[in-house]
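Subject: Structure handover

Hello,

The structure we discussed is below, with its sequence. My notes on one helix and its surroundings follow.

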Amino acid sequence: MIPELGNFALILAMLLALIQGTLPIIGAARGIPSWIALARPAVQGQFVFIAISFGCLAYSFVSNDFSVHNVASHSNSELPLHFRFAATWGSHEGSLLLWVLLLAGWSVAVSVFSRQLPDDMVARVLGVLGLVSVGFLLFLLFTSNPFDRLLPAALDGNDLNPLLQDPGMVLHPPMLYMGYVGFSVAFAFAIAALLSGQLDAAWARWSRPWTTAAWVFLTTGIMIGSWWAYYELGWGGWWFWDAVENASFMPWLVGTALIHSLAVTEKRGSFKSWTVLLAIVAFSLSLLGTFLVRSGVLTSVHAFATDPARGIFILVYLVAIVGFSLILFAWRAPKVGLGGNFQLISRESMLLVNNVLLLVAAGSVMLGTLYPLLVDALGLGKISVGPPYFEAVFVPLMAPAIFLIGLGPIARWKQASLPSMVIRLRWAFGVSLISALIMPFFMSEWKPLVSFGLLLAFWIIASIFVNIKHRLQNSGEGGLLTKLSRQSRSYYGMHCAHLGIAVFVIGVTLVNGYETEKDVRMEIGNTVSISGYTFRFNGISNIPGPNYKAVQGDIDVLKDDKHIQKLYPEKRTYNASGMVMTEAAIDAGLFRDLYIALGEPLDNNAWVVRVYHKPFVDWIWLGCILMALGGILAVTDRRYRYGIRKKDKTEITSELLTKSNADIESRDTEPVILPEVRKV
């Protein structure tokens with residue numbers, strides 16, 4: 001009865017989601033305290049029932065209950081225990097249940113950590129999240145029920161896709177979904193602000209830590225997926241502009257723009273309408289990614305479903321969500337006002353240009369992803385849009401955006417002096433230019449594109465040092481450690497994330513510019529040399545696995561005739577499915593990776609062997625880790641741990657008037673606009 005219990009819990013969660021999505025919003029609109037008070041218990045009850053449902057499905061997988069169709073299709077009795085548990089979200093139905101569980105978890109977090117917010121605002125936010133949950137629970141119950149029975153029960157399961165039998169894919173979907181679903185919180189805050197008519201700095205402050213947390217999870221999820229593709233697929237690449245990769249990258253780009261726009265709205269009261277629109281677009285792109293992965297309109301190693309009926313349901317849901325949001329935005333936004341004024345040369349204008357570039361980049365990725373699908377749907381033939389298009393369009397858009405990363409934190413709010421910025425940054429630009437011109441000579445050869453990429457990276461790093469030096473000089477009296485301790489975590493988080501981008505750019509530039517590879521035929525005792533390293537093939541051996549049989553290569557790595565490493569690449573054949581998988585062997589290092597993969601067997605015990613030398617490739621993931629760490633520092637900033645003081649309009653206006661703008665600009669601080677209430 002465990003599957004039936006899980007299904008019943010889903011139905012109860014659906015009923016609670018309907019209550020959560022209707023009564024609190026109506027109560028907030030009509031001022032009914034008892035209906036407003038329903039929001040938090042409904043959220044917490046819904047989470048409990050969804051957790052019970054998820055636990056029932058996980059138990060069915062762990063206990064090999066092959067009377068459940070989902071278990072029989074995506075598990076096997078030989079599958080190791082940890083992969084049987086991970087198979088809970090390794091299917092279309094299970095991954096959607098995980099999505100709903102994480103959405104309920106985010107909703108509970110909002111209900112718990114929003115005690116200082118006005119009750120009507122919390123009711124609207126949780127109500128919007130409830131309506132989002134209703135759509136996904138309906139999808140689960142009527143088109144993708146994970147508890148459908150298979151009678152008679154199967155003797156054994158079909159096995160989990162071997163691509164997913166990997167620690168990287170155990171972690172990748174939950175992290176990615178935490179990011180996807182996290183943007184629903186930013187979306188809910190934006191819709192709640194539009195419903196209430198309170199589009200001011202306060203809602204931006206409330207929404208900002210949740211948005212940053214979602215961005216951190218999405219960054220981490222994309223990083224793990226890239227790392228998995230690098231070592232698991234056996235082709236040595238870290239990004240292929242796959243349609244499903246793009247589905248996660250588009251909301252990341254818009255989410256990055258949203259984080260910066262929220263900062264301007266919170267600190268200066270500007271970009272109000274723009275920020276709301278970005279919140280709507282970020283969540284809409286998350287839903288679009290769900291549609292692409294689960295509709296069957298594309299083929300990918302990441303895609304889950306091939307049922308068009310499911311795709312139609314998600315498409316209707318997507319149109320409903322986006323359509324309602326944009327209609328509400330069109331109604332409310334023109335009445336909000338433009339917010340704070342700023343000059344052409346200012347931090348606001350640079351952040352605006354950066355946001356526009358990120359949005360255009362996301363649009364170019366969307367065009368390259370959807371255009372082939374549209375052409376195919378119209379019966380105009382089949383076309384393929386691959387990496388050359390994305391690199392030709394994306395890189396020119398990102399180059400000026402990366403350059404602005406160095407300028408933005410230096411510029412003052414409202415109005416900046418271009419001559420003073422040039423004077424302050426002249427040494428940073430000089431150092432980065434000279435370093436970018438010289439460093440490629442220490443690799444193997446000078447390449448103009450490598451120098452240009454390094455120029456952008458070194459420019460970010462040098463400008464960070466200049467900004468910190470200037471900040472400490474204007475931090476009052478005290479020693480160096482005292483001045484450093486005065487700076488906020490969000491300030492250090494900003495620079496850590498920007499440093500991560502610089503490290504990422506260095507990794508991408510150098511690995512694309514100087515990686516070398518060879519595909520060779522190797523018999524026992526044969527050697528191949530690449531980038532100063534020699535690889536000697538010692539033969540193969542048969543290795544039994546828990547649910548597969550493997551052929552393992554034995555390869556010695558030598559440098560200057562000295563043995564430095566042994567590598568063991570594998571070819572695995574899985575028992576249940578018969579699928580053959582390549583397991584690369586990697587000698588990872590801070591400055592280079594040696595990457596070996598077995599190809600196909602040939603005659604005379606010979607094998608095709610792919611050998612790669614990849615300089616600085618690990619800096620790609622190190623950069624992503626630094627970006628995520630920067631986001632974590634920003635989320636833990638102390639001002640998000642303090643309650644918002646409730647003040648009347650007279651007191652707020654008095655405080656704003658006493659804050660001299662000249663004083664703000666002379667200290668080059670980051671002022672926070674106090675919460676104001678503007679009824680539209």
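Please keep in mind that this is a predicted model. I begin at a glycine: Gly 234 has a positive phi of about 80° and sits just after helix α9.

The helix itself covers residues 201-232, which makes 32 residues. From first C-alpha to last, α9 reaches 46 Å, close to the 46 Å expected at 1.5 Å a residue. The helix does have a kink of about 35° at Ser 207, shortly before the proline Pro 209. Of its 32 residues, 30 are buried, so α9 is largely enclosed by the rest of the structure.

One of the residues in α9 is Ser 226. Its relative accessibility is 6%, so Ser 226 counts as buried, the cut-off being under 20%. The side chain of Ser 226 reaches the backbone oxygen of Trp 238 at 2.8 Å. Not counting residues up to four places away in sequence, Ser 226 touches Trp 238 and Trp 621.

On the packing: the largest nonpolar core has 156 residues, and Phe 189 and Trp 203 touch the most other members. Leaving aside neighbours within four places in sequence, Phe 189 is in contact with Leu 117, Met 121 and Val 125, and also with Trp 203, Trp 206, Ser 207 and Trp 210. Ser 207, where α9 has its kink, is thus among the contacts of Phe 189. There is also a second, separate core of 22 residues, which includes Ala 399, Val 450, Leu 454 and Leu 455.

Regards

Technical notes
Residues are numbered from 1 along each chain as its sequence is written. This is a predicted model: local features need pLDDT of at least 70, side-chain atom pairs count only at pLDDT 80 or more; totals for chains, interfaces and linings use all residues. Side-chain values use heavy atoms; hydrogens and water are left out. Helices (H or I, at least four residues) and strands (E, at least two) are DSSP runs, numbered from the N terminus. The expected span of a helix is 1.5 Å times one less than its number of residues. The bend at a residue is the angle between axes fitted to the seven residues ending there and the seven starting there. Buried means under 20% relative accessible area, exposed over 50%, partly exposed in between (1.4 Å probe, protein chains only). A nonpolar core is a set of buried Ala, Val, Leu, Ile, Met, Phe, Trp, Tyr and Cys residues joined through side-chain atoms within 4.5 Å. Contact means heavy atoms within 4.5 Å. A polar contact is a pair of N or O atoms within 3.5 Å; within protein, one must be able to donate a hydrogen and the other to accept it, and residues adjacent in sequence count only if both atoms are side-chain atoms.
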